[in-house]
Amino acid sequence: MTRPRVKICCISSIEEAKLAVEYGASALGLVGHMPSGPGVIGDELIYQIAKAVPPPISTFLLTSETKPQNIIQHYKRVNTTTIQIVDELEKQEYQSLRDELPNVKLVQVIHVIDENSVKEAIEVSKYVDAILLDSGNPNLSIKELGGTGRTHNWELSREIRKAIPIPLFLAGGLNKNNVRQAIETVQPFGLDLCSSVRTEGQLDRQKLKDFFNAIGH
C-alpha cells in the first residue's frame with residue numbers, strides 16, 4: 001500500500017505552514033470565511049501564506065462560496081494552487097470555474113452521511129481533480145462544512161474510492177490511533193487533518209511527529 005500524502009488544514013500563519021512542511025505535509029489547507037468550524041483566517045493572510053509556501057507543496061483555499069463567480073473572486077484574492085469547495089456548487093457549474101481558472105485544481109468536499117453521498121461523489125468526480133470526504137453535515141440550519149473532528153463510515157468512503165477514477169482525500173477525526181485502520185480500510189490517496197495535530201488551536205510539533213510516525217515512512 002502506498003503511503004498516503006498528508007494535508008494539514010487550518011494553517012493560521014507562515015510559521016505553521018513551515019512547521020507542517022518540515023514534518024512532511026504535501027498540502028496545506030487555508031480556511032476562508034465559513035458558517036462554522038475552526039481555522040478561519042482572512043484572505044490577505046491566506047495570500048501571504050500561499051506566497052511563502054515552496055512550489056512542490058499544494059495550497060488549498062477552503063471556500064464556502066457556492067456560486068462560481070463568488071468562488072472565482074475569492075480565489076483571485078488569495079492565489080492558492082487549489083480550490084477546495086466545501087459546500088455544493090450551484091448547478092454543478094464546474095465548467096465556468098475551469099474556463100476562468102484553467103490552471104487551478106478543483107477539489108470537491110463530499111460529507112459522507114449515507115448511500116446518497118456515494119452517488120453524489122461518483123457524479124461529481126467527472127468534473128473535479130479530487131474528492132475530499134469529510135464528516136460534516138451541510139443539511140443543518142448552521143451548516144457544518146468540515147473541522148468537526150468526527151469520523152464517518154469508512155466503508156462508504158471505501159465504496160467511493162473504488163468507484164471514482166480520481167484521487168480521494170480522507171478527512172474527519174483522523175488521529176495517530178486510528179489512522180492505520182483508516183488507511184487499510186479506505187486506501188485513500190491523501191489524508192486531511194486539523195484538530196488532532198493541535199494543542200489549544202496551535203500546531204503541535206510532538207503531535208505532528210506522532211502522526212507521521214503512525215502512518216509510517
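**Strands and cores of a predicted model**

Q: Which residues point one way from β2, and which the other way?
A: The structure is a predicted model, in which local features need pLDDT of at least 70 and side-chain atom pairs count only at pLDDT 80 or more, while totals for chains, interfaces and linings use all residues. Residues are numbered from 1 along each chain as its sequence is written, and side-chain values use heavy atoms, with hydrogens and water left out. In a regular strand the side chains alternate between the two faces of the sheet. From β2 (strands are DSSP E runs of at least two residues, numbered from the N terminus), with every one of these residues buried (under 20% relative accessible area, 1.4 Å probe, protein chains only), one way point A27, G29 and V31, and the other way L28 and L30.

Q: In which sense do β2 and strand β3 pair?
A: Two strands pair if DSSP finds at least two bridges between them. β2 and β3 (residues 58-63) share five bridges, and V31 has L62 as its bridge partner in β3. The sense of this pairing is parallel.

Q: Which residues touch the most other members of the largest nonpolar core?
A: A nonpolar core is a set of buried Ala, Val, Leu, Ile, Met, Phe, Trp, Tyr and Cys residues joined through side-chain atoms within 4.5 Å. The largest such core has 57 residues. Those touching the most other members are I8 and I11.

Q: Which residue follows α7?
A: Helix α7 (helices are DSSP H or I runs of at least four residues) spans residues 179-186. Its buried residues are V179, A182, I183, T185 and V186. The residue that follows has a positive phi, near 50°, and is Q187.

Conventions. Buried means under 20% relative accessible area, exposed over 50%, partly exposed in between (1.4 Å probe, protein chains only).
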